[in-house]
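Visitor: Please take a close look at a single part of this structure, namely the strands of chain A and how they pair.

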Amino acid sequence: MTDLISQNLNMIFKTPKGDTVHALKDLNFTLKKGELLTVLGPSGCGKTTLLNIAAGFIKPTSGNITLNNKEIEGPGVERGMVFQQGALFEWLTVAENVNFGLRMKKNDSIETQRKVDEWLEIVGLKGFGNTPTYQLSGGMQQRVALARCLINDPDLILMDEPLGALDALTREKMQSLVLKIWKETGKTIILITHSVEEALLLGERLYVMAPRPGRIHKEYKLPFAEMGLKEDLREIKKNKEFGSKREEILSMIWNMEEEIMGKEN
Amino acid sequence: MLTQIVTLLIFVAIIGSILYGRRLIKTEKVDAVFGNPERAKGGTHWVIVGSAAILLIWLYYSWDIAKAFYPKSANELCQVAKINDSLMGLKYQFPIDEREFKSTSIIKIENKNLKKIEKEIQNTPDLNDEQKIILLRFISKTSQLIPLLTNDYLMEANTKSKIKEMSEEIRILSSNFKKKDYPFETEADKIERLKAVSEQGGWGIIKVQSGTGSIENTIEVPVVPETNKGLKFHTAAEDLKVISDKFFKLRNHNSNFKTSIKGLKNEIKLYRESLDDSEEIASDYAKNIVKIARRIEFASIYPPGALDEMQSAIIEFDNLQKSEQGGLRLIDIILFPAGTIVASGPSCSEQGSGRWLPKPSDTFNKFILMSKPSVGYKNIPLLWIEMMDVSSIIGFILPDWIADILPGNYPVHTKDGIVKENFKGKVLKIVTGDFKLFKIPVPYGHIWDSFLRVFLGLVFGIIIGVPLGLFMGLNRFAKGFFDPLIELYRPVPPLAWAPLIISVLGIDNTGKVFLLFMVSLSIMIISARAGASGTQLSKIHAAHSLGASKRQILRYVIFPNSLPEILTGIRVAVGMCWGTLVAAEFLAGTTGIGFVENVAKKYFQYEVIWITIFIMGMLGLLFDVTLRKIIDKTIPWRGKG
């Protein structure tokens, strides 16, 4: 069992003014091994908080979250992270970034080199091993970040808007790459995104979260990710069902946003 | 010779570059509008013009061009200056350079003084009427002295004939001065003069005093006339000096005046004696009146017209000597800007920009001289190496207590007076460096000392500052605990600490290194702290998820991430340390570049001052360029992350 199980997860922040913000309220979900979950929601709905709790960077106020029946008590290698941008170590080359985790564990260097080559080929960066990362484009940098995370062979991959800073064309290529890697490695993935299309395209399951307090508003099970493995992603976007789902979720999020505006005024 | 070539080259370079620049403007396509930064690119020829202009200004205002093209001009101008010096006193008596006769202005001043004192006496409540009457009578008697001097009929025949005599002497001097062989120098005199000329050396000569190794400017401008023209002026100046002395000894005192002033002085003396202590004010006024009377007595007041003959003789001679100067006058005006050569007493000196702006050629020669390790400055070379035995370095590094903690005792002499060495004694010899090994070259000298101080101060600052700064950037306790300490001493200008630190730690290296350590420490702490606290959270998170330990994150993430900030801090610290060091060496010390400048200042060695300025500039530039290279090599990702 490599399930990620969350039970009555609550997260309450205290602002310096003394107000309390209920970032997450009574979150209950189970993620089975090999599932790809996308999380969508307006800003301030607790998506990133959820991811940080899963990664172990912050501890929940109450409730518990377990991976493989083990309580998450801090950051660990079994949960890899991919950030939006700026998380690469720009003083290192591509290969040094990718093998960072293995070097920290002081693994055998020849074995490490073999793995690095292997992963660079998977993400399409063969031959870039000695390039300094600051010379890479945004899309290539995210490929490095993916390889750096996957080389550690984590059980769960947490992606915090990994494609958010890329241009549309690169983004589409990267979406295919994420699907390809998911299929080939069979990893459990949680992917947070702002883009409704991306959430629909990549998510085997999709949570739409609502703010104040942060909670799961609606859950979908989607066929598009499976389709995406075989078809061109642009074809899927023309799919009727895809279109209606997109409109449904968009209007849902619009309503949430309006509700927030109303509350504030 | 070199200066001549350089000067001509500069002219060629400036004119050539300007012509090239003008042609470039004409041929270039004007596709860049005003405001386009492209227009500022290139332009090495303008750099040449700029540098050449600076050098030209330096050559010109230091009078090096004059020295190069007219090496004898300073000596000749010195002789001219001697004439001006002798003439000055005489000319001063007449309205030649002044507006009025000296006699006229003295009479004006003394009458004014008498009027002032008269008014004071009349208005003061501190004197009684009787005193006032007496004092006012003294004043009128004093003012009556002046007509006794200015009356032509009263002037004595003896005085008149003496004035006539002197006028005649000046006329003879003038007529002689025109002659080609004027000084009528004998062969023996000439040999003696030329011997003196060969001994005195050239203009701005530098002599190394043997033995002491110190550099002295022996003379600025050679005094003994080297040319015939100079000799003419020199001899005329001497003759004039005699006449001038005679004139100033002469007093225009006739018998009427003598009796009058004697009577007045006596009267005032008796009056003052008759006054008691309570009448001090009246006594003071009487004293002031007698002072004015004395001034009239000793001033050279003559009747109007009595000196007319002499005046015309002096004017004649003055005009003559000016026309005799000829081309020299032009050189003085054109090639000696902002000053000239002046004579005072037995010596001549440069007065003006040529004095404090050393000639490039002199500076260059002196720099080469000072670079010689046998000369240096104050017996210490600027930069040289000495052979040092490695043993003394080992002895310096190893602490002596290593021998002390060994078991056993140090050897004691036996009753035969023999000392038998044991193991402990041998170890002591090693840790104190008392043995012979091979020798290695070690640099030393003023420049090395300054450099070493900056280097050591900086290294200590980095060793302590960087870890502390990183710690402060990551830990609330460390930040709170050390912040007050640093913020308390950091804003104080480093030099304000210098007197305290130097008096506690001594004027030698320890004090200065500590001062520089203080300077670099605060800079390093602040930059390392900024670097550590500026690490992006996502990088830290990523490192955590990749399984790095705390120590590994510090070593492999936070430290490299702070490196740009730390290196920039080092660059700032080097600049600050360099500035502070030179000033600290001014305050106290026995070596170092700042010390050299400070000593040179005391002896008005302007060349040395400029040399030290140049060395400091070059070293500062060297530090900065080196660090910039290091920064570019070590943190190429800076600003691109």
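Guide: The following account treats the strand pairing of chain A. The model is a predicted one.

An open sheet of six strands in chain A has the order 6-7-8-3-9-10, and its pairing is mixed. Its edges are formed by strand 6 (79–82) and strand 10 (215–221) of chain A; each has a single partner strand, so one side of each is left without a neighbour in the sheet. From one strand to the next, the twist averages 20 degrees.

Within this order, strand 7 of chain A, residues 156–160, pairs with strand 8 of chain A, residues 188–192, in the parallel sense over five bridges. Opposite D160(A) stands I192(A), which belongs to strand 8 of chain A. In general, strands of a sheet pair through backbone hydrogen bonds, either parallel or antiparallel.

Antiparallel pairing appears between strand 1 (residues 4–14) and strand 4 (residues 62–67) of chain A, where five bridges join the two. Here Q7(A) stands opposite N64(A) of strand 4 of chain A. Strand 4 of chain A also pairs in the antiparallel sense with strand 5 (residues 70–71) of chain A, over two bridges. In this pairing L67(A) has K70(A), in strand 5 of chain A, as its bridge partner. Strands 4 and 5 of chain A form a hairpin with two residues between them. In the turn, N68(A) has a positive phi of about 55 degrees.

Note on methods: Residues are numbered from 1 along each chain as its sequence is written. Chains are lettered from A and ligands numbered from 1 in the order in which they are written. This is a predicted model: local features need pLDDT of at least 70, side-chain atom pairs count only at pLDDT 80 or more; totals for chains, interfaces and linings use all residues. Two strands pair if DSSP finds at least two bridges between them. Helices (H or I, at least four residues) and strands (E, at least two) are DSSP runs, numbered from the N terminus. Axes are lines fitted to C-alpha atoms, for helices over the stretch in contact, and angles run from 0 to 180 degrees between N-to-C directions.
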